[in-house]
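Visitor: I am new to this structure. Could you show me how to read it, one feature at a time?
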Amino acid sequence: MTRWSAALTQAGITDPQLRRSYDAQRRLVRRNRREEYLAVRLLLPARIHPGVIAAVAFMDETDRRIDSGDIRTRQDALRTWDRQATEALVGEPTENETLRALADTTRRHPVLGTQVRHFLDGAPVEASWSGFATDADFQDYVDRYSLPALMLTASLIGPEPGTEHYERFLHGCRRLIEAMQRTDFLADLAEDVDQGRVGIPKDELDRHGLDFDSLRDRPGACAPALARLVDEQAASADAVLSDCRHLPELVVPPYRPFLSTLISVQTLRLDAVKRNHTTILRTGASPATSAALRVLWRGYRETRTRQHRPTG
């Protein structure tokens, strides 16, 4: 693994204040997203590490600001954050280290600035989210918020807009994030119930004779019906995830192990949901750490093989 200070230097980040801002984002992502952090540091070229870390940190900070409190509080927080981010991206000074690193990354990778705007424009969907009435509402959420969130990082490693493979890449990312989001809502169901909102559409709950009160108050009695519902939702996620296998082919070779590993980890997460379908309200669902580490190790070996493969 390339030392972080060397990665900053390879990215052309030499200003001491900027390096400190990027350092702060690295600490946040390493603490909050351990597996994702390791994947970035092990599987991507060092020169792109700071930009990807800055994008992930910005996404997480946005989520943190708009994910708690009542809807009005969340919407007010988003308006303030949107204004601060917009000012930073046009070059106004900021004391916020997340925005300072993000603004620097957008100057080095202009495509990210467009994605940040898409993400912030879609963020009101998250700030006002309290559940879905139908699957169409879920799909709208994915289009307006989840996909722009994924593209914050995907835009840094994928083909640029207008190039040969961009539309196929964007479509593949859309399918990937749909699978990821549906899996998240299943794996986090117990936590979401505690917070008073769930990501399974209401009409799907109704079809199985379930509602929020039954999930909260009678988890044992509703377990058989919930297991059938989880199986159906997991099957939908599985079918969509299978459409993403071509994604690594659409990026340049140094980025392929990272994308392949990302898809493999999502498969592990979905398998954990299927395995825990009868107990998901009690146990949640997450893959064994050892299994995730094995996937990372395979990706790292592929990365090393590519680096040492003779050219010409």
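Guide: Let us start with two helices that meet. Keep in mind that this is a predicted model. In helix α7, the residues Val-111, Leu-112, Gln-115, Val-116, His-118, Phe-119, Gly-122, Ala-123, Val-125 and Glu-126 meet a set in α8. The α8 set is Tyr-141, Arg-144, Tyr-145, Pro-148, Ala-149, Met-151, Leu-152, Ser-155 and Leu-156.

Visitor: What classes of residue make up the contact of α7 with α8?

Guide: There are 13 nonpolar, four polar and two charged residues in that contact.

Visitor: At what angle do α7 and α8 pack, and how far apart are their axes?

Guide: Helix α7 spans residues 110-127, and helix α8 spans residues 135-157. They pack at about 155 degrees, with axes 8 Å apart. An angle over 145 counts as roughly antiparallel, so α7 is roughly antiparallel to α8. Their crossing is left-handed.

Visitor: Next, the aromatic rings. How do I describe a pair?

Guide: Use two values: the distance of the centres and the angle of the planes. A search of the whole structure here gives 12 aromatic pairs. Take Phe-58 and Phe-119: their centres are 5.8 Å apart, with 70 degrees between the planes. That pair is edge-to-face.

Visitor: Where in the chain do Phe-58 and Phe-119 sit?

Guide: Phe-58 is in helix α4 (residues 49-66), and Phe-119 is in helix α7. They are 61 residues apart, so the pair links distant parts of the chain. Both Phe-58 and Phe-119 are buried.

Visitor: Why is the pair of Trp-129 and Phe-132 called tilted?

Guide: Their planes are at 50 degrees, so the pair is tilted. The ring centres are 5.4 Å apart. Trp-129 and Phe-132 are both buried. Ring pairs also build a cluster, with Phe-58, Trp-81, Phe-119, Trp-129 and Phe-132 among its members. Phe-138, Tyr-141, Tyr-145 and Phe-185 belong to the cluster too.

Visitor: Last topic: burial. Is Glu-204 buried or exposed?

Guide: Buried means under 20% relative accessible area. Glu-204 has 16% relative accessibility, so it counts as buried. Glu-204 lies in helix α11 (residues 202-207). Beyond four places in sequence, Glu-204 touches Leu-229, Glu-232 and Gln-233.

Visitor: And what does Leu-205 contact?

Guide: Leu-205 is also found in α11. At 5% relative accessibility, Leu-205 counts as buried. Leaving aside neighbours within four places, Leu-205 contacts Val-198, Ile-200, Leu-210, Leu-215 and Leu-229. Leu-205 and Leu-215 are 10 residues apart along the chain, and their C-alpha atoms are separated by 9.8 Å.

How values were computed: Residues numbered from 1 in each chain as written. Predicted model: local features only at pLDDT ≥ 70, side-chain atom pairs only at ≥ 80, totals over all residues. Heavy atoms only, no water. Helix = DSSP H or I, 4+ residues; strand = E, 2+ residues; numbered from the N terminus. Buried < 20%, exposed > 50% of the residue type's maximum accessible area, 1.4 Å probe, protein only. Contact = heavy atoms within 4.5 Å. Axes fitted to C-alpha atoms, helices over the stretch in contact; angles between N-to-C directions. Parallel < 35°, antiparallel > 145°, perpendicular 65-115°, else oblique. Left-handed = near helix turned anticlockwise from the far one by under 90°. Nonpolar A, V, L, I, M, F, W, Y, C, P; charged D, E, K, R; others polar. Phe/Tyr/Trp six-rings, centres within 6.5 Å; stacked < 30°, edge-to-face > 60°.
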